[in-house]
Amino acid sequence: MKKIFVFLFVLFLSLSLQAREDVEYTHFLHEQINIIKSMNENNVTQEKIQELVKKQDNLYELALDELMLNKQKHISNLETYSSKIFALTKIMKINQRAGNTYAVLRDEVQIKIYEVMSAQNVMIKNILLSLDARSINDYEKKLNYYIVQNQQKIQEIYTKDYTSYLAIDDNAKILLQAKKNIEIFYILKDINVDIVNYLYKFENKMYRLNKYTKYHLIAPVIYINNLALVKTINPILIPYGLNVIKIIIILFLFSLVYFFRKIFYVTLESYVLRIDILSKYSKNILEKLRKPIELLIVVININMTIYVYNNFSSFDLVSKIFNISYGFIFTYMIYMLVNTVAAIRLSELPSTKKQIKNELINVGIKILNFIIIIIGLLIMLHFAGVNLTAVLSGLGIGGFAVAFAARDTISNFFGTLSILFSDVFSQGDWIVVGKDEGVVVEIGLRVTTIRTFDNALIAIPNGTFANTDVKNWDRRTLGRRIKMSLGVKYDSKRDDIKNAVAEIRNMLDKHPGIATLNTQHSHRDWHAPKLVSIDDLEGVKRTLLVYLDEFGPSSINILVYCYSKSVIWNEWLEVKEDVMHQIMEIFERNNLEFAFPSLSLYHEKEAPKTR
């Protein structure tokens, strides 16, 4: 009696648990099961199948929208049916001990149904998590990986064949339930295949919709996509990689960038004005930066268009190209900024009291530009994927070879430093180097350019100046030499010559353009020790000499040796001309005539002829 009671209790428990553990399918699975059942009917027509396929496509479209709208919910609340599988396993063991074969079959198949549904949910969760991959290529790899995992799991679940049980002719209730589970079990296999196919079909769409999810635009995007007009237009655009949403976003971004461009200029201008060093240069800086900024905006627009077009992902090659472009533009902007400020500062230098050599600033700017270009190049190489550590190491290893190959360049560079620090000449100086003579145009990093007086341009390597004499005509402050040798005729009277010499000396001493010992000149405050002559250091000459010099072959020569106060060529010529006019006037007053080379012939008297 006791055994019968236990048996009935176990049977009642198993039936009650089974009733509570009936599979509750989602609306999506329920609809898919019904569709596949309808397709498997013997009397189904082709038109009916087409209708069912269209309905199935709509269900998958709606399921995708619902999945993306509630992405986080599906990830957080993953249903693995573990509690149901655990309960059914216990019931199945009870039925095995009780000898209920059909009940065991029913529970076994139902457990496998839960395993199939759990495998699908796990796959969907992993794929949803994979949507946040850095690029669509990474997402594709993860998608393939998780689908392969799902297929392996499904193969493990479907190792046992249950189709033979469907042929058993028995109307027992438990057997009918088992047959129903078996039928659904095989339908779920077909559904799993369909899910995988649609995952591949919706691959790009899911990745794109996930981007809208990140920007909290998924709801309006889905709403727009479901509009009748959009559903009509999208099939036309999709073959070209476009859709209505993409076009709307691209146009919106273009408008947004255009709208904020002026705001950006105003903000940039106000920011530049706040910097004390740059405030007075703001107009010039903004004018120089306008074109690079416009180019930057164009590049940003193109980059955003490609990014949106490619389903909010970037190709590695395209990303590198744009990153290199950004690095180039920013390097160019910094280059223009530095050179604009430098150009303005150079234009202001003549009006300032600071004794700063232009060539020092020019060379400094060139060195700074070189550093900017090198840094910009390294940044662009980094964006191009080059290993900078290896590059810098290679430069260190190859430094000796480069230095040997570029020894002339290095020599010229140190020649530049020598010119700048020795202060031999500056820009604008009139110098003579070997056979070359002219005005220094620019002292560069490698060469110094000279404009000759016949208007030719000569480039002399800076290393040359280390071993060549340089004559600098402009390194004089007071005194440009006037030297004459005045020849008078031998038949001139001694007193006239003596008076003329005295008058010339007196005239030069009182001439406003001639430097004399009485000419005042203020010296700079030099701190150099043991100077032999500060006049020689600064280039001050006030010598005045007028003397009867020599008896020449055809004239008596008077030496005139003096210096004009001005060292400027045209002013020196004016003073020299006036001195010559006054000398001629003095000669006229003293009855002296200028001698010129002459030859006197003396004929000896011939002796008388004898017969």
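Here is a chat in questions and answers about this predicted model.

Me: Let's begin with strand β3: how many of its six residues are buried?
Reply: Strand β3 covers residues 447-452 and is mostly covered. Buried here means under 20% relative accessible area. Going by that cut-off, the number of buried residues in β3 is five.

Me: In which sense do β2 and β3 pair, parallel or antiparallel?
Reply: Strand β2 takes up residues 436-443. Five bridges connect β2 with β3. One bridge pairs V439 with R451 in β3. The sense of the β2 and β3 pairing is antiparallel.

Me: And on the β4 side, which residue is the bridge partner of T449?
Reply: Strand β4 is made of residues 457-461, and five bridges join it to β3. These two strands run antiparallel. The partner of T449 in β4 is A459.

Me: Which residue in the hairpin of β3 and β4 takes a positive phi?
Reply: Most residues other than glycine have a negative phi, so a positive one is worth a look. This hairpin has four residues between its strands. With a phi near 70°, the residue you're after is N455.

Me: Back to R451: is it buried, partly exposed or exposed?
Reply: R451 sits in strand β3. Its C-alpha atom is 9.4 Å from that of W430, and the two residues are 21 apart along the chain. The relative accessibility of R451 is 34%, and partly exposed covers the range between 20% and 50%. So R451 counts as partly exposed.

Me: Now for charges: how many salt bridges does a search of the whole structure find?
Reply: Side chains of opposite charge can pair when their charged atoms come close. One case is D495 with R494, at 3.9 Å from N to O. There's also a network of salt bridges linking E503, E585 and R589. For the whole structure, the search finds nine.

Me: How many residues apart are E61 and K205, which form a salt bridge?
Reply: The closest N and O atoms of E61 and K205 are 2.7 Å apart. E61 is in helix α3 (residues 46-69), while K205 is in helix α9 (residues 203-214). The pair therefore links distant parts of the chain, and E61 itself is partly exposed at 28% relative accessibility. Along the chain, the separation of E61 and K205 is 144 residues.

Me: In the salt bridge of E108 and K160, what is the distance between the closest N and O atoms?
Reply: E108 belongs to helix α6 (residues 101-130), and K160 lies in the loop between α7 and α8, 52 residues apart. E108 counts as buried at 19% relative accessibility, whereas K160 is partly exposed at 35%. The distance between their closest N and O atoms is 3.2 Å.

Me: What about D495 and R494, which of the two counts as exposed?
Reply: To count as exposed, a residue needs over 50% relative accessible area. D495 has 46%, so it is partly exposed. At 63%, the one that counts as exposed is R494.

Me: Which residues form the negative surface patch?
Reply: One member, E571, is found in helix α21, which runs over residues 569-589. E571 is partly exposed, with a relative accessible area of 34%. The patch is formed by E571, E574, E577 and D578.

Me: What accessible area does the nonpolar patch have together?
Reply: The patch is formed by I367, F370, I371, I374, I375, L377, I379 and F383. I375 is in helix α15 (residues 358-383), and with 46% relative accessible area I375 is partly exposed. Together, the patch has an accessible area of about 650 Å².

Me: Is Y81 buried or exposed?
Reply: Y81 is not a glycine, yet it has a positive phi of about 60°. You'll find Y81 in the loop between α4 and α5. Its relative accessible area is 9%, so Y81 is buried.

Me: And N591, is that one buried or exposed?
Reply: N591 has a positive phi of about 55° although it is not a glycine. Its place is in the segment after α21. With a relative accessible area of 62%, N591 is exposed.

Technical notes
Residues numbered from 1 in each chain as written. Predicted model: local features only at pLDDT ≥ 70, side-chain atom pairs only at ≥ 80, totals over all residues. Heavy atoms only, no water. Buried < 20%, exposed > 50% of the residue type's maximum accessible area, 1.4 Å probe, protein only. Pairing = 2+ DSSP bridges. Patch = residues over 30% accessible without salt bridge, like charges linked within 9 Å, V, L, I, M, F, W, Y side chains within 5 Å. Areas by Shrake-Rupley, 256 points an atom, 1.4 Å probe, with all protein chains shown as cover. Salt bridge = Lys/Arg side-chain N within 4 Å of Asp/Glu carboxyl O. Lys, Arg positive; Asp, Glu negative; His and termini not counted. Charge placed at Lys NZ, Arg CZ, Asp CG, Glu CD.
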